[in-house]
Amino acid sequence: ILSERNIRNIGIVSLDIEGYELNALQGIDFSKTEIMLFVIENNSSGIMGGNAIRELLIAKGYVFHARIWGMDDVFIHQRMLAHKR
């Protein structure tokens, strides 16, 4: 969908799709779409969530920034942190 609509830059993506978050992330072509920040529901393995989402995003250049509300992970792309003052 992103490619079809020529969307190349996104500030924030929030994913809460009842267990399909990893599948959705695997469908993103990160070489064509720049996303600065993700908030992702990650409650697959109890209170700390699973590692699959974290491993995928870290491999794509994101930094795990925070765990909020006991079920959501926040990731910031390294490019955004480089611009931090």
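Lys and Arg are counted here as positive, Asp and Glu as negative, with His and the chain ends left out.

**View 1. Charge positions in the predicted model.** The chain carries 9 positive and 10 negative charges. The mean positions of the two sets lie 10 Å apart.

**View 2. Order of the elements along the chain.** Three helices and four strands make up the secondary structure of the chain. Read from the N terminus, their order is β-α-β-α-β-β-α. Of the contacts with a separation of 6 or more, 52% join residues 24 or more positions apart.

**View 3. Extent and surface of the chain.** The C-alpha trace spans about 35 × 35 × 20 Å along its principal axes. The radius of gyration is 13 Å, which agrees with a compact globule, because 85 residues in such a globule would give a value near 12 Å. About 5700 Å² is exposed, and carbon and sulfur atoms supply 55% of this area. Buried residues account for 35% of the 85 residues.

**View 4. The largest nonpolar core.** This core holds 14 residues. Those with the most contacts inside the core are Leu-25, Ile-35, Phe-38, Ile-40, Leu-57, Tyr-62 and Phe-75. Two or more core residues come from each of strand S1 (9-15), strand S2 (34-41) and helix H2 (52-59). Nonpolar side chains tend to be buried together in soluble globular proteins.

**View 5. Surroundings of Ile-35.** Ile-35 is one of the core residues with the most contacts inside the core. With neighbours within four places in sequence set aside, Ile-35 contacts Ile-10, Val-13, Ile-28, Tyr-62 and His-77. Of these partners, Tyr-62 is also listed among the core residues with the most contacts.

Note on methods. Residues numbered from 1 in each chain as written. Predicted model: local features only at pLDDT ≥ 70, side-chain atom pairs only at ≥ 80, totals over all residues. Heavy atoms only, no water. Rg over C-alpha atoms; globule rule 2.2 N^0.38 Å. Buried < 20%, exposed > 50% of the residue type's maximum accessible area, 1.4 Å probe, protein only. Contact = heavy atoms within 4.5 Å. Areas by Shrake-Rupley, 256 points an atom, 1.4 Å probe, with all protein chains shown as cover. Charge placed at Lys NZ, Arg CZ, Asp CG, Glu CD. Core = buried A, V, L, I, M, F, W, Y, C linked by side-chain atoms within 4.5 Å.
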